[in-house]
Amino acid sequence: MLLQIVNVPVYNLARTEPTMYTAPSPFDELTTHRLERPLEELVPAPVAARMRRLRLALMVGGAIGLIPWIVFLVITLPANYVALGFDVLLVAFMVTTAVLVFLRRQLVLLTAFTTGVLLICDAWFDVMTAGPHDLWVSALTATLVELPLAVILMSTALRRSRLPRWPIPNYA
């Protein structure tokens with residue numbers, strides 16, 4: 001058990017009765033010390049800047065690449081085809097993630113993880129709805145493009161969310 005609960009009278013100004021106090025464990029000190037190190041000690045500044053630029057380029061390139069694909073689908077598919085709305089949603093989340101990465105906002109965790117989930121769903125949908133002659137193209141696109149990008153986005157969001165407070169460095 002990491003936390004030890006003890007009964008110690010702690011008085012609040014609003015209350016006069018004692019309340020419970022949770023005493024920190026000796027393990028908390030080690031964890032807190034490791035997590036409170038500056039970001040430059042965890043990841044060198046040039047590496048962090050290069051990773052940020054790479055992820056930004058992936059999001060912008062993916063959004064730009066999906067726009068002609070959506071136009072092609074609008075021209076070739078029937079008017080009642082539902083998957084176009086999903087692709088438009090995917091582009092919207094890619095653009096939102098790119099903007100939040102560029103602005104260095106912490107909300108990027110949510111949009112990056114959501115974009116990764118949408119990419120996995122899109123890969124599954126493309127493979128499941130592909131015809132016999134398009135199955136290999138859909139499987140290759142899912143394996144080489146959509147799933148690796150989803151893994152990059154989701155793993156980055158999960159890694160960043162583990163830090164108690166993650167300062168966003170001002171690297172160019």
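1. Let's start with leucine 119. Skipping residues up to four places away in sequence, leucine 119 touches Leu90, Met94, Glu146, Leu149, Ala150 and Leu153. Here a contact means heavy atoms within 4.5 Å. Keep in mind that this is a predicted model, where local features need pLDDT of at least 70 and side-chain atom pairs count only at pLDDT 80 or more, while totals for chains, interfaces and linings use all residues. Residues are numbered from 1 along each chain as its sequence is written, and side-chain values use heavy atoms, with hydrogens and water left out.

2. Now for the largest nonpolar core (buried Ala, Val, Leu, Ile, Met, Phe, Trp, Tyr and Cys residues joined through side-chain atoms within 4.5 Å). This core has 20 residues, and Leu119 is among those with the most contacts inside it, as are Met59 and Leu66. Helices α3 (45-76), α4 (83-103), α5 (108-129) and α6 each supply at least two residues, and α4 gives the most, with six. Helices are DSSP runs (H or I, at least four residues), numbered from the N terminus.

3. Next, aspartate 122, which sits in helix α5. Aspartate 122 is buried (under 20% relative accessible area, with a 1.4 Å probe and protein chains only). What is missing is a salt bridge, meaning a side-chain nitrogen of Lys or Arg within 4 Å of a carboxyl oxygen of Asp or Glu. The nearest side chain of opposite charge, arginine 55, is 19 Å away; Lys and Arg count as positive, Asp and Glu as negative, and His and the chain ends are not counted. Apart from neighbours within four places in sequence, aspartate 122 contacts Phe86, Asp87, Leu90 and Glu146.

4. Finally, serine 138 is in helix α6 (residues 135-161). Serine 138 counts as buried because its relative accessible area is 15%.

Key: Buried < 20%, exposed > 50% of the residue type's maximum accessible area, 1.4 Å probe, protein only.
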